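Please load the model in the viewer and set the display to show side chains. The tour below proceeds selection by selection.

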Amino acid sequence: MIRRPVAAVLLACYSVVVARLTLADPSAGRWAFDLAGAAARRASDGRLDWSETEVIANVALFVPAGFLLAVLLGRPLLAAAVTVLASACIELAQQQFLPTRVPSLADVWHNGLGGLLGAILAAPFSRIGHRPVHLDGPTAQRARQY
């Protein structure tokens, strides 16, 4: 089981990676683009073009963020909403301050989908579905015995 403090540290580290890939000059993340392109070509036997690879990469980029946020917050829908908000802020920053980047609402949609997928995958690791312990009844009496 992933603990909240661990999820918080991992999320902070991963956020630095996402910021570096999305808010720096595209040449700074060239290695990631090359890796994604090579992986997509290999997995699809060359059938995926760059625009399709970019969609998959945008979804995949936010899966870890959605996962870690859901573990941290214990609320998958909130985690997914935060990933959409973060993606929208990234695209806005690209539009306002980074002329070498190409902001897109499609990127927000794809990043949000990745965040939602990550949040769904986190369900077994978060507090989702846990019932509160009641202080009366037989379960509480057994718990007090220990």
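Begin by selecting Ile 120 in this predicted model. The residue counts as exposed because its relative accessibility is 53%, where exposed requires over 50%. Ile 120 lies in helix 5.

Next, extend the selection to Leu 77, Leu 113, Leu 116 and Leu 117. Together with Ile 120, these residues form a nonpolar patch on the surface, with about 450 Å² of accessible area. Helix 5, residues 105–121, contributes the largest share of the patch, namely four residues.

Now select Ala 119. Not counting residues up to four places away in sequence, Ala 119 touches Gly 66, Phe 67, Ala 70, Pro 76 and Ala 79.

Ala 119 also belongs to the largest nonpolar core, which has 10 residues in all. To display this core, select Ala 7, Leu 11, Phe 67, Leu 68, Leu 69, Ala 70, Val 71, Ala 79, Ala 119 and Ala 122. Helix 1 (4–23) and helix 3 (50–73) each supply at least two of its residues. The largest share, five residues, comes from helix 3.

Apart from this core lies another, of eight residues; select Tyr 14, Val 18, Ala 32 and Ile 90, which are among them.

Finally, select Cys 13 and Cys 89. Cys 13 counts as partly exposed because its relative accessibility is 48%, and Cys 89 is likewise classed as partly exposed, at 46%. How many disulfides does a search of the whole structure find? The search returns zero.

Note on methods: Residues numbered from 1 in each chain as written. Predicted model: local features only at pLDDT ≥ 70, side-chain atom pairs only at ≥ 80, totals over all residues. Heavy atoms only, no water. Core = buried A, V, L, I, M, F, W, Y, C linked by side-chain atoms within 4.5 Å. Buried < 20%, exposed > 50% of the residue type's maximum accessible area, 1.4 Å probe, protein only. Contact = heavy atoms within 4.5 Å. Disulfide = S-S within 2.5 Å. Patch = residues over 30% accessible without salt bridge, like charges linked within 9 Å, V, L, I, M, F, W, Y side chains within 5 Å. Areas by Shrake-Rupley, 256 points an atom, 1.4 Å probe, with all protein chains shown as cover. Salt bridge = Lys/Arg side-chain N within 4 Å of Asp/Glu carboxyl O.
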